[in-house]
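Please take the sequence and the model together, and follow how the nonpolar side chains are arranged, from the interior out to the surface.

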Amino acid sequence: MYDYDLLVVGSANADLVIGVDRRPGAGETVLGSDLVVHPGGKGANQAVAAARLGARTALLARVGDDSYGRLLLDSQRAAGVDTVGVLVGGAPTGVALITVDPSGDNSIVVSPGANGRLAPGDVRAAASLFHASRAVSAQLEIPLETVVEVVRSLAPGSRFVLNPSPPRPLPQEVLDACDPLIVNEHEARVILGDACVSERPEDWAGLLLAKGPRSVVVTLGAEGALVASAAEGVRRVPSVKVEAVDTTGAGDAFTAALAWRLGTGASLAEAAAYAARVGAAAVTRAGAQVSYPTAAEVEAL
């Protein structure tokens, strides 16, 4: 019997957001709006998204012993995430400094802080969490060697889901474990590199699958997603048409929902269709974690 439907291993950031009329040039100072602080980070976002859907969720992450760390722990617990795996101390909590202009375009500077200190040894020390989890999800806002250790720590029968964001070349050991590898257009192009010889997402999915993952999902925003595996070929999964307000964190909600549903035995296409509904619900509200829907809200779409 598994204690958790999903274990998320990843980043936890405080997002510091300021609205500006325009971003400053070199040596220039501009006035902005009042500072707003949100809990964020891809790992923390995914854990909250899964828990709000009803998944039994745990988070393995590292935060600082500071006010931002407490904010992040509070947001996880409020969503129902088990924070037994959240380590405290070693560096300040990771911070994303975000300026947003009137058109909604943003510029982001990230200080990884404690996220950069989440080490392979921390993964090994959390072996009991891995053995208790149906599915494990990771991203790349933590050190790559830590993600490699996650792959080595997987329990037999558990499913590994990776969103390689921010994208970088991946070791074969990690690629081979992905079931699925979840990428958007930008991430697909970076991982394929010179092999990205087509403009068709269907071709990207096939090329990525040839690199070793057991399955691949290419997210296409309002167009839904593509799912690909050797057994089932390549299929398009449509999204639900909604009025988008804010796409921040929607990809994290998609990934969390997909990983959870795969862990409960859904097919890749079924899980992606559900995840597309979750992502669509998330974009109808402003913010990241505060926009994530409950299962009932997804069904109502």
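**From the core to the surface**

In this predicted model, a good place to begin is Leu258, which, leaving aside its neighbours within four places in sequence, is in contact with Pro180, Ile182, Val217, Leu268, Ala271, Ala272 and Ala275. A second, separate core, to which we return below, has 42 residues, and these include Val123, Val136, Ile142 and Val147.

Leu258 itself belongs to the largest nonpolar core, which has 47 residues and in which Val217 and Leu258 are the members that touch the most others. Two or more residues of this core come from each of β1 (4–9), α1 (42–53), β4 (57–63), α2 (67–79), β12 (225–229), α9 (250–263) and α10 (268–282). Among these contributors, α10 gives the most, with nine residues.

Turning to helix α5 (residues 144–153), we find that it is largely enclosed by the rest of the structure, because eight of its 10 residues are buried. The buried residues are Leu144, Thr146, Val147, Val148, Glu149, Val150, Val151 and Ser153, and Val147 is also one of the residues of the second core. The cover over the buried residues of α5 includes β1, α3 (120–125), α4 (127–131), β8 (133–139), β9 (159–163) and α6 (172–177).

At the surface, Ile18, Leu35 and Val37 make a nonpolar patch of about 210 Å². Of these residues, Val37 lies in strand β3 (residues 36–40), and it counts as partly exposed because its relative accessibility is 30%, a value between the limits of under 20% for buried and over 50% for exposed.

Terms used: Residues are numbered from 1 along each chain as its sequence is written. This is a predicted model: local features need pLDDT of at least 70, side-chain atom pairs count only at pLDDT 80 or more; totals for chains, interfaces and linings use all residues. Side-chain values use heavy atoms; hydrogens and water are left out. A nonpolar core is a set of buried Ala, Val, Leu, Ile, Met, Phe, Trp, Tyr and Cys residues joined through side-chain atoms within 4.5 Å. Buried means under 20% relative accessible area, exposed over 50%, partly exposed in between (1.4 Å probe, protein chains only). Helices (H or I, at least four residues) and strands (E, at least two) are DSSP runs, numbered from the N terminus. Contact means heavy atoms within 4.5 Å. Patches are made of residues with over 30% relative accessible area and no salt bridge: like charges are joined within 9 Å, nonpolar side chains (Val, Leu, Ile, Met, Phe, Trp, Tyr) within 5 Å. Accessible areas come from the Shrake-Rupley method with a 1.4 Å probe; for residues, only the protein chains shown count as cover. A salt bridge is a side-chain nitrogen of Lys or Arg within 4 Å of a carboxyl oxygen of Asp or Glu.
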